[in-house]
Structure formats: structure tokens, C-alpha cells
Amino acid sequence: MAEPAPAEDPVLTAESLTAGYNGVVAVAGVNLSVSAGEVLSILGPNGAGKTTTLLSLAGVLPMMSGRVTVLGERVDSRRPYRMVRRGMRFVPDDRGLFPSMTVREHLRLARRRPDKNREHLVFDRFPALAKLQSRTVGLLSGGEQQMLAIAMALLAEPRLLMVDEMSLGLRP
Ligand SMILES: Nc1ncnc2c1ncn2[C@@H]1O[C@H](COP(=O)(O)OP(=O)(O)OP(=O)(O)O)[C@@H](O)[C@H]1O
Ligand SMILES: [Mg+2]
């Protein structure tokens with residue numbers, strides 16, 4: 001017998017999402033639904049609107065119309081921290097790191113529970129980061145920065161993870 005679906009499943013929905021900049025529409029009529037455990041890829045050529053869609057889903061860019069829910073709650077771009085509290089993490093295409101801070105400081109910031117050190121999980125996945133912990137982030141290569149950005153999101157043990165340009169700068 002099937003388990004009853006949790007109240008927050010699907011973890012992400014968009015209905016008729018329209019988004020853009022300064023009143024100019026960049027993407028229109030986006031409908032999608034992501035269930036727990038599911039992976040969804042958004043593919044398209046440069047300028048197709050992938051980043052615009054993700055920014056709206058994450059509540060960074062106010063949507064022009066439509067309805068988006070994240071982890072059971074309607075997205076409100078005036079309060080993006082609410083989705084973060086519920087377990088959403090978003091890695092933007094510019095990675096959102098602090099160039100003058102070290103790798104170690106970033107990883108400490110990202111821990112969801114300060115008492116629980118789960119950084120070994122990150123180093124299992126990205127062994128290169130282990131040796132770079134004292135390095136200032138502005139001195140990392142693009143790929144190393146990408147590893148750190150994804151590592152920070154994973155350390156937070158997210159229930160919904162959205163990554164713009166997941167493999168940017170990473171070798172296969
Ligand atoms: N800040 C902005 N202000 C105005 N227009 C923008 C802005 N950012 C993007 N656009 C425009 O919105 C459209 C969609 O861009 P978007 O960045 O979402 O594309 P993308 O699919 O992520 O492309 P890429 O593969 O190059 O990352 C493009 O026509 C782009 O020129
Ligand atoms: Mg993009």
C-alpha cells in the first residue's frame with residue numbers, strides 16, 4: 001500500500017509563471033512540479049530564460065504573474081528567508097560566495113546545525129576542497145568555487161536544492 005504523501009509533496013510547483021525585467025516578459029506560462037526525490041533539469045539555449053525561471057522560483061526575482069509553491073508554502077519574494085528556513089537552498093550562477101573569506105569560514109557558515117560537523121561528507125564528495133580550507137575564496141579557480149558553492153548547499157541538508165549551471169567549471 002502506498003504511503004500517504006507528505007503535506008509538502010510536491011516540494012516545488014509553478015503554475016503559469018511569468019517573469020521578466022522592468023515590465024518586459026522573459027519567460028511566460030511556466031508550469032512544473034517536482035516531487036520529493038525527483039530531479040528536474042531545465043534545458044535551453046543561452047537567453048532562453050533558465051536563470052530567470054530559477055530566480056523567480058527561488059523568490060529572488062519577483063514574479064510578474066502566476067503561482068509558485070516551495071515546500072508547501074507560496075513563494076513571496078519579499079520574504080525569501082522563509083523558504084530557506086523551510087529547507088530550500090539556491091545556488092546562483094555567480095555562486096554567491098564571499099571572495100575575502102576562506103573556504104573554512106564558508107563551510108562553517110553553511111552548517112545547518114552548528115553543533116553538527118558534517119564537513120567530512122563534503123570532503124568525501126569534493127576531496128579537492130579538503131586541502132583548500134585555509135584558502136581565500138577569491139584565490140580559488142572557478143571549478144573550485146563551484147565545488148564550494150554546491151558543498152555549502154549540501155551542508156545545509158536541504159529538502160529542495162536548486163542550482164543554476166550545476167556543472168559550470170567542473171570536470172565531468
Ligand atoms: N537583469 C536583466 N535585465 C534585463 N534583461 C535580462 C536580465 N537578465 C536576463 N535578461 C534577459 O532575459 C532573457 C532570459 O535570460 P536568462 O538569463 O534567464 O537566460 P538563460 O536561459 O539563463 O541563459 P544562459 O544559458 O546564457 O545562462 C534574455 O533575453 C536576457 O537578455
Ligand atoms: Mg542562465
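**Exercise 1.** Which residues surround ligand 1? Work this out on the predicted model shown above.

*Solution.* Start at the ligand and collect each residue with a heavy atom within 4 Å of it. From the earlier part of the chain you should find Tyr21 and Ala26. Next comes the run Pro45, Asn46, Gly47, Ala48, Gly49, Lys50, Thr51 and Thr52. Glu165 completes the set.

**Exercise 2.** Find polar atoms of Tyr21, Asn46 and Gly47 that lie by ligand 1, and state how much of the ligand the protein buries.

*Solution.* Take the side chains to begin with. Tyr21 places a polar side-chain atom 3.5 Å from a nitrogen atom of ligand 1. For Asn46, a polar side-chain atom is 3.0 Å from an oxygen atom of the ligand. Now turn to the backbone: a polar backbone atom of Gly47 sits 2.8 Å from an oxygen atom of ligand 1. Finally, the area: ligand 1 exposes 640 Å² when taken alone, and the protein buries 56% of that.

**Exercise 3.** Describe the contact between domain 1 and domain 2.

*Solution.* Set the bounds: domain 1 covers 12–85 and domain 2 covers 103–163. Their centres, taken over C-alpha atoms, are 25 Å apart. Six residues from domain 1 and four residues from domain 2 make up the contact.

Next, look at the area. The two domains bury about 440 Å² between them, with 91% of it on carbon and sulfur atoms. On the domain 1 side, Leu12, Leu54 and Leu71 supply 74% of the area buried against domain 2, more than any other three residues.

Last, check the chemistry. Between the domains there are zero salt bridges and zero residue pairs in polar contact, counting pairs with both residues at pLDDT 80 or more. The touching side of domain 1 fits that picture, with six nonpolar residues, no polar and no charged.

How values were computed:
Residues are numbered from 1 along each chain as its sequence is written. Chains are lettered from A and ligands numbered from 1 in the order in which they are written. This is a predicted model: local features need pLDDT of at least 70, side-chain atom pairs count only at pLDDT 80 or more; totals for chains, interfaces and linings use all residues. Side-chain values use heavy atoms; hydrogens and water are left out. Domain bounds come from an automatic or database domain assignment. Contact means heavy atoms within 4.5 Å. Buried area is the accessible area (1.4 Å probe) that two parts lose on being put together, summed over both. A salt bridge is a side-chain nitrogen of Lys or Arg within 4 Å of a carboxyl oxygen of Asp or Glu. A polar contact is a pair of N or O atoms within 3.5 Å; within protein, one must be able to donate a hydrogen and the other to accept it, and residues adjacent in sequence count only if both atoms are side-chain atoms. Ala, Val, Leu, Ile, Met, Phe, Trp, Tyr, Cys and Pro count as nonpolar, Asp, Glu, Lys and Arg as charged, and the others, Gly among them, as polar. Accessible areas come from the Shrake-Rupley method with a 1.4 Å probe; for residues, only the protein chains shown count as cover.
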